[in-house]
Structures are given as C-alpha cells and as structure tokens.
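Colleague: Got a minute to walk me through this one? I'd like to start with the rings and then move on to helices and empty space.

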Amino acid sequence: MIKLLLLSCGTNACYHCAKTLKEKFQKDFYIVGADINEQYLTPTCNYLDAFYKVPYSTSPDYYETIIKILNAEKVDYILPSFDSDQKLFYPENEDLIKLNVKSFAVSLETLKIYDNKEKMNSFLNSNGFLTPKFFNQDEIENNKDYFVKPKNGVGSIGAKIETGFNIKNLDYANNILIQEICSEPEYTVECFNFNGVVHTITRERIASKAGVCTKTKIFNYPELEKITKDFAKKVKCPHCFNLQFMKNQNDEFVITDVNLRLAGGMSLSAIAGWDEISALAKIMLDKKEEEIFETLPEKIQPQYIVRAYTDIVTKIEKQIVAFDFDGTLLDSRKRHSVLLNDILNEYNIKLDTSDLIEFKRNNKNNVDYLISKGINENLAKEIQTKWIDNIEKEEYLALDVLYPETIELLEKYSNEYDLILITARNNKVGLQKQIDKFDLRKYFKEIYVVNSGKNTIEDKAEVLNKKNVVEFIGDTLSDKKAAEIAKIEFKHFNDGFHSKTILED
C-alpha cells in the first residue's frame, strides 16, 4: 500500500482528500494524519489509518516531529495543506530525499516568489498579469475604503475592507497589503497540472461562510482559464493549485490571489464531476497520463452546487472502569512472604509462614500475624517497619506475576469500556517498569498512582470522582471504601488480599 501523510489534516481539503481515497482507492492507500487538535476533534479521523497530534507549525519542535512521523510510518508521500508547511517540506528537502518521501508541495524554485503575497504580486505584474491596484501608506485617503489582507495570509483570514483612517492606525499596518476594492463575483479557477499539461475548471463564488465557498456555479470560463494556463507556463506549479479573479475598477479581470495548494472548495468541483484527488491518486499509483486526466474533463456542463454541512460522529466516549493493581491484576503474594522470611532470617527467627497470606486476608497485617506466632509486639513492629521499607524494592518486585486471568479480564473489559489504573505505590518507577514488563500499558487510558499511607482511600476516591468512573475493581477493604466514598459500584476480586467475607462484614 502507498502511505500518504496529510498535514493539517482537519482542513476541508484534507477531509475531501482522505474521504475520496478511502472510498475509491481503499485497498491502495494507508493514510496518516497530523493535526494540532485531538484525533476525535478532527473530522478526517474516520478516514485515517494512523493519527498524530502535533505542535503548531510555528513551534520549534514541529519540523522534527513531522520527520519522526515520516520515518516511523515509512511514508511514501507528504501532502501539505498550508503554505507554512510547503515552506518546510518542499520536494528538494534533503531530509525527505533521505527518507525517500515525495512531496506534493511547491518546488524550492517557486517558493522564492511564493514566499508571500507581496512577492507574488510583484512577479505577476512583471510578467504582464493584471492584479488589483496597490497603495502605499502615504497614498491612502482617510475617508476612502480599501481592501486589506495579510502579506502572509491563509485563505480569507484577515482579509477585510477598512477605511484609510483605520488602516493608518493599525498596529500591524506594515504587515498588510492595501489594494483597491474589486467587484464581485469572485471566480476560482481550479487547476490540475501533470507534466506541463493543465486542466481547469471555474467556480463562481455565489455565497461563502468563514471564507469558504458554500454556493457556487461550476462551469468553464475560457478567458480566465487561458490566463491561468499562461500563468502555469511561467511558474513551476504543483499538481493542484488555483487562482482567484475579480474585476478591478476599470472592469478588467485581475488575479486577486494565487494558491499553490489544494483548494478548500475542491469538493464542490468534485461533485460536479471534476475530481482532482482521483487524478492525484493515479499519479501515486503510476498510471498513464490518459488515466490520470480521465476524471478532469476539459469541458463540463454548467451546474450549480450548494454545500450542505453534515454532522460527523468522530468518537463515542466509553464509560470508564478503574482497576486496582496489586492483588487484583498483579499476584504479589510471593513478594509479601519472601520478604518477611528474609527479615525473619536476619533475626535468626525460624517460623513457618505458609499461612501468612490466608491470615492477612482477614484484614490483618504482619504485626498481627507475628504476635499470633508468639513474637513480642515491639519486635513484631520493628520487623514490620523493615518490611514496609523493603516491600517495593526492585529485587522483591521481580517476584510478582500476573494472575492467570488478568489478560483475559482486561481484554474483556477494554472491549466495552475505557480503563484506568488506580494503585497505591511509593516506588512509582518500579510500578511503571512492571506495567511495561507485563505489557499492560496498552489497556489503560490513564494510570494514577497515589501514595501508600493514611490518605490512600480518600486519594483513590478523588480520582474515581474526577474521572467519572462507573465501576472500581479491587481486592481490599480500602478499595471498597474508596468506591463507597465515590458512590460507584465496587466489584471484588476474591483471590486478592482480602476475602469476600471481610468485605461483607
């Protein structure tokens, strides 16, 4: 399968891309998504095979994070959604070449003029393409309206009409372009380029919301499409790109924007029969040119398209069940006995401790046990202190094993619930090592460790309440009391350290 990484995969364009690939080429593509949001807050998630939450592209860790994903997933192609990603992951990037990753971003050569809107406008004007008239700060009039947009803007974000007076008082005035107000309608010429052959379609923007076209007319507009193809002869364009047009105050068509990336409204064209993503898929599948262009007709029947928003279930939260660890999942009975015998040997005390665990199951401790065997109370307490000091040492933790039914129990519960682990340990590092040793981490959404001591019950209850746990599975009276404080169901594991009889008293 071909592995494709979608950057900023929560965009409209990425959603359409992933959906198309999975519906039309399901057996051919493994899709990895990266986004700043959680997976369940990314609409594309239902069409992804793997997902990574990543830092903002402005973060110093972002680039290395993406490189690690490319390496870990053995990605074949990377598809940037935004221009900021294109500037990082262009085709000539040496790190991508080393990993044998092909990029659908613009070339390094093109980036020199695509770095910001000011440079692109300069290039357009010097090559005979009309753009809106631009003004310097000292040319604008206070009472006149102008159209302003960020020099490094994305889509329609930050683009608006302002009076000259307001523009002069903007804190970020040096970072905007000031231009004449052009007349609607606005047209987007969507383009697909392969080996220098460019196919085009035109979308007339009839209505939009949050800068994205929602109602459109899809048709061929020869005048605009010729300008676009002339542009593609001057610039090394990626496979997917689009130009936007409006009319200036002289009633001439001008290029208002150049987007060398996927169009946010590309799904509108697709439903009209102009399918860029299928063409892109066929490039990755190494198909012949005629197959690549077969979903991009040069002539299309004019039609009107309305975007109807849909609601997507991305995640259904499962109820949460909590597990205790020692005595519930982990059989640590041998550790308790071996340590006590080792300490007794230090004191040259010979004692048969084969009944120790059964004795303690009646809510008794080591001191009670030693006194019952005829040992002086003060000495019993001294031995108990040593026992507490050593019970979580690595050499004794190594004696622990899982109960035979542990994995089956976790598998069963994890099919229906999200699981968390709540356990009392002072040696937190030792606990984590055990979890990894027995490969249990994969079963738990979260792991909570509270200190062993007088507040253990309350601390466990606090976690149970905080996480809205519906059931707590444990083996001791303290586990039951924590569940009672949290007012949730408690299920007793009877092979642990307290017998069922004790819990029922």
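**Rings, helices and voids**

Modeller: Sure; keep in mind that this is a predicted model. Going by ring centres within 6.5 Å, the count comes to 20 aromatic pairs.

Colleague: What kind of aromatic pair do Tyr-187 and Phe-253 form?

Modeller: Their centres sit 5.8 Å apart, with 75° between the planes. Planes over 60 degrees apart go into one class, and that makes this pair edge-to-face.

Colleague: How many residues apart in sequence are the parts that this pair ties together?

Modeller: Tyr-187 belongs to strand β10 (residues 183-194), whereas Phe-253 belongs to strand β14 (residues 253-259). Both Tyr-187 and Phe-253 are buried. The pair therefore ties together parts whose separation in sequence is 66 residues.

Colleague: And which class does the pair of Phe-231 and Phe-241 fall into?

Modeller: Here the centres are 6.4 Å apart and the planes make an angle of 40°. That angle is neither under 30 nor over 60 degrees, so the pair counts as tilted.

Colleague: Over to helix α17: do its buried residues line one face, or are they scattered, and what arc do they fall within?

Modeller: The buried residues of α17 (residues 406-414) are Thr-406, Leu-410 and Tyr-413. An α-helix has 3.6 residues a turn, so residues three or four places apart point the same way. Glu-408 and Lys-412 are exposed on the other side of α17. Looking down the axis, the buried residues line one face because they fall within an arc of 70°.

Colleague: Which element gives the most residues to the lining of the largest pocket?

Modeller: That pocket holds about 1,100 Å³ of space. Elements giving two or more residues to its lining include α12 (333-346), α15 (377-390) and α20 (477-486). With four residues, the top contributor is α20.

Colleague: By class, how many nonpolar, polar and charged residues are in that pocket's lining?

Modeller: The lining has 34 residues, with His-336, Trp-387, Ser-452, Thr-476 and Ser-478 nearest the centre of the pocket. Split by class, the largest pocket's lining is seven nonpolar, 14 polar and 13 charged.

Colleague: What about closed space: what volume does the largest cavity have?

Modeller: Searching the whole structure turns up one cavity of 30 Å³ or more. Its lining has nine nonpolar, two polar and one charged residues, among them Phe-104, His-239 and Arg-261. The volume of this largest cavity is about 70 Å³.

Note on methods. Residues are numbered from 1 along each chain as its sequence is written. This is a predicted model: local features need pLDDT of at least 70, side-chain atom pairs count only at pLDDT 80 or more; totals for chains, interfaces and linings use all residues. Side-chain values use heavy atoms; hydrogens and water are left out. On a 1 Å grid over the protein atoms alone, a cavity is a set of points where a 1.4 Å probe fits but cannot get out, and a pocket is an open set with protein on both sides within 12 Å along at least five of seven lines; lining residues have an atom within 4 Å of a point. Grid points are joined across faces, edges and corners, and a volume is the space filled by probe spheres set on the points. Ala, Val, Leu, Ile, Met, Phe, Trp, Tyr, Cys and Pro count as nonpolar, Asp, Glu, Lys and Arg as charged, and the others, Gly among them, as polar. Buried means under 20% relative accessible area, exposed over 50%, partly exposed in between (1.4 Å probe, protein chains only). The arc is that of the directions from the helix axis to the C-beta atoms. Rings of Phe, Tyr and Trp (its six-membered ring) pair if their centres lie within 6.5 Å; planes under 30 degrees apart count as stacked, over 60 as edge-to-face and the rest as tilted.
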